[in-house]
Amino acid sequence: MTTDLRGWLEGFVRETGFLARYPYYAHVIASLEPVIDPSVPAMGVSLHGVPGHGGRYYLHVNVDALLRAPQFLRGILLHEVHHVVLGHLAHPKYFVHEQRDLMQIAQETSANEHIDEPLPDPVVWQHFERFGLRAGQSTLERYDRLCKARAEGAVIAPKPGTKLVDDHDWRDRDAPPAGGVGETRAVITKARDAGHEDAERAPEKARRIAGRTPDELLLELAGTSDTPEIYVDWRDALRNFVAHARAPLPTWSRPSRRFPTRIGVVPGRTHRLRPALRPTILVAIDTSMSMSEGELAEIARQLRPMSELARIVVAECDVEVARVYPFRGAIDRVKGRGGTDLRPALEPSFLRKHGADGVVYFTDGQGPHPEREPHVPVLWMLTKPGDFACPWGMRARLTRRA
């Protein structure tokens, strides 16, 4: 019966336009294990520890309820995906011991945000606007504002006539399953890689999940309630970034060579939009920084083996792009020349002109950044400690010697 349920779910995703409109969501759903469960209102998700594997997500489906109200199927699927990718079932920061009903409201409003499809009388943040809830807030920020309002004497409860889209059976647990965050990150990473090509063909809004890019979701799951940032060894980050640009991806748009008859069940493989056997990586260097010749030489040494896998173009920029040249094994001496503006080197027209498949940006991060994320992945190589305001892109710290 579970096999039939999976086939029905995959058929819905494939044949109703769901994949085209919600590419990343479709690939998250593909990582969930569907089970028939008449005890849930319509759908629900659960996370269970699996010895030696960290954890496994299950999608609980009340088939009869969905058959009675099929107009809600899309919206409920999006809602369940939001619970998964936002880490509601996996991250310890959501397992509070006090005010659990307020955490449930905060989670439900976050899971219902960014859904344009019909939902059955959902709990939404607008119902709690008088308590300080606003669009785009994180789940924890909403929880904190609701707690503050209750401490000041406010009576907080869901609006009459609304109800939870699903049961939050994880609400009463004291802690998430061991390995849950790792499993959540694995689900998002797999959806990001497998859905990249489908997302490139979709409208701009469809390239996000719960209002965020997959990389932003991964960053949010990296830490605790502090500002979500992840810093890794910059040499490893650089190698992984170039490898990611070249990696073949699974795709539902072509049959598998090994299983040509299992169309729609086993994905084929393809490369990114460019035949990315040798992608073009734009290495932008913020020339307002004071970088020594030794540091530039070290960067060049790390780029040399990368240049065998990718075409590397160097761009020097401060408040504008001053010089662009192909990497030939060395980086010319650059000198600080004033202010910093991170936007010119990330302009869509500039990236298209140089055919960039990805950008590695060496900067102190002190200048204005583009409000909208470019259409290519960006790795920020930050040269100074401290906060970096840009909310998107991968990042690493450039370790500088004394």
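**Entry 1: backbone outliers**

I started at Gln99, which sits in the loop between H5 and H6. The model I am reading is predicted. I looked up the phi of Gln99 and found a positive value near 55°, in a residue that is not glycine. Most residues other than glycine have a negative phi, so I flagged the position. Is Gln99 buried or exposed? Neither: Gln99 is partly exposed, because its relative accessibility of 30% falls between the 20% and 50% cut-offs.

I then went to Asp121, in the loop between H6 and H7. Asp121 is not a glycine either, yet its phi is positive, about 50°. Its relative accessibility is 41%, so I logged Asp121 as partly exposed too.

Two glycines went into the list as well. Gly87 comes after H5 and has a positive phi near 80°. Gly153 comes after H7, with a positive phi near 105°.

**Entry 2: the whole chain**

Next I stepped back for the totals. I have 402 residues in the protein, and 53% of them are buried. The secondary structure gives me twelve helices and eleven strands. The exposed surface is about 18900 Å², and 52% of that area comes from carbon and sulfur atoms.

What share of the contacts with a separation of 6 or more joins residues 24 or more positions apart? I noted 67%.

**Entry 3: nonpolar cores**

Nonpolar side chains tend to be buried together in soluble globular proteins, so I searched for cores. The largest nonpolar core holds 64 residues. Which of its members touch the most others? Phe18 and Leu77 do. Helix H5, residues 73-85, gives this core its largest share, seven residues.

I also found a second core, separate, with 21 residues. Ile285, Leu296, Leu303 and Tyr325 are among them.

I listed the contacts of Leu77, leaving out residues up to four places away in sequence. The partners are Leu9, Phe12, Phe18, Ile29, Met43 and Leu59. Phe18 therefore appears twice in my notes: as a partner of Leu77 and as a top contact maker in a core of buried residues joined through side-chain atoms within 4.5 Å.

**Entry 4: helix H5**

H5 deserved its own page. The helix has 13 residues and runs 19 Å from first C-alpha to last. That is close to the 18 Å expected at 1.5 Å a residue. How many of its residues are buried? I counted 13 of 13.

I picked Val81, which lies in H5. Val81 is at 1% relative accessibility, so it is buried. With residues up to four places away in sequence set aside, Val81 touches Tyr25, Val28, Ile29 and Ile209. Ile29 is also on the list for Leu77. I checked one long-range pair: Val81 and Ala210 are 129 residues apart along the chain, and their C-alpha atoms are separated by 8.5 Å.

**Entry 5: helix H7**

I turned to H7, residues 139-151. This helix also has 13 residues, and its ends are 18 Å apart, C-alpha to C-alpha. The expected span is 18 Å.

Which residues of H7 are buried? I have Thr139, Leu140, Arg142, Tyr143, Leu146, Cys147 and Ala149. In an α-helix, residues three or four places apart point the same way, because there are 3.6 residues a turn. So I asked what the buried residues of H7 pack against, and the partner is helix H6, residues 100-112.

**Entry 6: cysteines**

A disulfide would be a covalent bond between two cysteine sulfurs. I looked for pairs with sulfur atoms within 2.5 Å and the count was zero. I still noted the burial of two cysteines. Cys147 is at 19% relative accessibility, under the 20% cut-off, so it counts as buried. Cys317 is buried with a relative accessible area of 1%.

**Entry 7: aromatic rings**

The last search was for ring pairs. I found six aromatic pairs. Phe128 and Phe131 make one, with 6.5 Å between centres and 35° between planes. Why tilted rather than stacked? Because 35° lies between the 30 and 60 degree limits. Both partners are buried: Phe128 at 1% relative accessibility, Phe131 with a relative accessible area of 14%.

Ring pairs also link a cluster of Phe12, Phe18, Tyr22 and Tyr25. I cross-checked it against H5. Phe12 and Phe18 touch Leu77, and Tyr25 touches Val81.

Methods. Residues are numbered from 1 along each chain as its sequence is written. This is a predicted model: local features need pLDDT of at least 70, side-chain atom pairs count only at pLDDT 80 or more; totals for chains, interfaces and linings use all residues. Side-chain values use heavy atoms; hydrogens and water are left out. Helices (H or I, at least four residues) and strands (E, at least two) are DSSP runs, numbered from the N terminus. Buried means under 20% relative accessible area, exposed over 50%, partly exposed in between (1.4 Å probe, protein chains only). Contact means heavy atoms within 4.5 Å. Accessible areas come from the Shrake-Rupley method with a 1.4 Å probe; for residues, only the protein chains shown count as cover. The expected span of a helix is 1.5 Å times one less than its number of residues.
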